[in-house]
Amino acid sequence: MWVFILQEVDDLTFRRFLRARDLDEEKASAMFLKYQKWRRNFVPNGSISPSEVAHEIQQNKIFLQGSEKKGRPISVVLAARHFQHKGGVEEFKRFLVYFFDKIFARMPPGQEKFVVIADLEGWGYANSDIRGYLAALSLLQDYYPERLGKMFIVHAPYVFMKTWKILCPFMDNKTRKKIVFVENKNLKSTLLEEIDESQLPETYGGKLPLVPLHDC
């Protein structure tokens, strides 16, 4: 099975799926074939156009700029700008694929992971979207394994912890270990451990402006 798959994909992709399934070739091949089938059906044109995710883009909630010290591109998510809309969870999933394709295109040769700063400042129950969050987890874990390098959750309000407790059972151990809650008092120092000040967004004490995803 892997002989056929290796003819279809690059070596980094091959290794990601293997790592995701603890080097079990049979499970990894099944996972990859499932991904291929899903991608063909969900993205029949090969990419997601801005017109397919117009409601999501209007919320202006995801930004791309800079790289951390290992060369992994950085994304900033302003969670308080996320609201459910008439496009529903299907448009949200298309938007996530749009995001993934954008950030993967920014990766230097040999790099395969990205970093997220998930900023929950101002987040409340109106922003809570359990179906959307679970869809994001499913995409990340089932179809884009070993892509997330680390997620910093910053400015998390107490009310978010109820949502977090709902999400946790759906996270595999590998994903959970990559997510770090950062205390406000240690925010800049924690981020600077892995992100140079020249690459850190201005809003966190760095020097780069936030650049909207659709402008990248």
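User: What is the strand order in the open sheet, and how are its strands paired?
Analyst: Welcome! The order is β1-β2-β3-β4-β5, an open sheet of 5 strands with mixed pairing. Strands are DSSP runs of E with at least two residues, helices are runs of H or I with at least four, and both are numbered from the N terminus. This is a predicted model, in which local features need pLDDT of at least 70 and side-chain atom pairs count only at pLDDT 80 or more, while totals for chains, interfaces and linings use all residues. Residues are numbered from 1 along each chain as its sequence is written, and side-chain values use heavy atoms, leaving out hydrogens and water.

User: What makes β1 and β5 edge strands?
Analyst: β1 (62-67) and β5 (179-182) each pair on one side only. Two strands pair if DSSP finds at least two bridges between them. From one strand to the next, the twist averages 20 degrees.

User: How do you know that β4 and β5 pair?
Analyst: Strand β4 (residues 148-154) is joined to β5 by 4 bridges, and pairing asks for at least two, so the two strands count as paired. β4 and β5 run parallel. One bridge partner to look for is I179 in β5, which is matched with M151.

User: Which strands does helix α5 lie across?
Analyst: α5 (residues 88-105) lies across β1, β2 (73-78) and β3 (114-119), at about 15 degrees to β1. Such angles run from 0 to 180 degrees between N-to-C directions, with axes fitted to C-alpha atoms, for helices over the stretch in contact.

User: Why is α3 called oblique to α6?
Analyst: The axes of α3 (residues 25-42) and α6 come within 9 Å and cross at roughly 125 degrees. Angles under 35 degrees count as roughly parallel, over 145 as roughly antiparallel, 65 to 115 as roughly perpendicular and the rest as oblique. The crossing angle falls in that remainder, so α3 is oblique to α6.

User: Which residues make the contact between α3 and α6?
Analyst: M31, K34, Y35 and W38 of α3 meet L139, Q141, D142 and Y143 of α6, where contact means heavy atoms within 4.5 Å. By class there are 5 nonpolar, 1 polar and 2 charged residues (Ala, Val, Leu, Ile, Met, Phe, Trp, Tyr, Cys and Pro are nonpolar, Asp, Glu, Lys and Arg charged, and the others, Gly among them, polar).

User: What makes a space a cavity rather than a pocket?
Analyst: On a 1 Å grid over the protein atoms alone, a 1.4 Å probe fits in a cavity but cannot get out, whereas a pocket is an open set with protein on both sides within 12 Å along at least five of seven lines; lining residues have an atom within 4 Å of a point. The count here is 2 cavities of 30 Å³ or more.

User: What lines the largest cavity?
Analyst: The lining has 28 residues, with V77, A118, Y133, A136 and M151 closest to the centre. They divide into 25 nonpolar, 2 polar and 1 charged. The space is about 650 Å³, a volume filled by probe spheres set on grid points joined across faces, edges and corners.

User: Which helices supply at least two lining residues each to the second largest pocket?
Analyst: They are α6 (130-143) and α8 (173-177). The largest share, 3 residues, comes from α6. The whole lining has 6 nonpolar, 2 polar and 8 charged residues.
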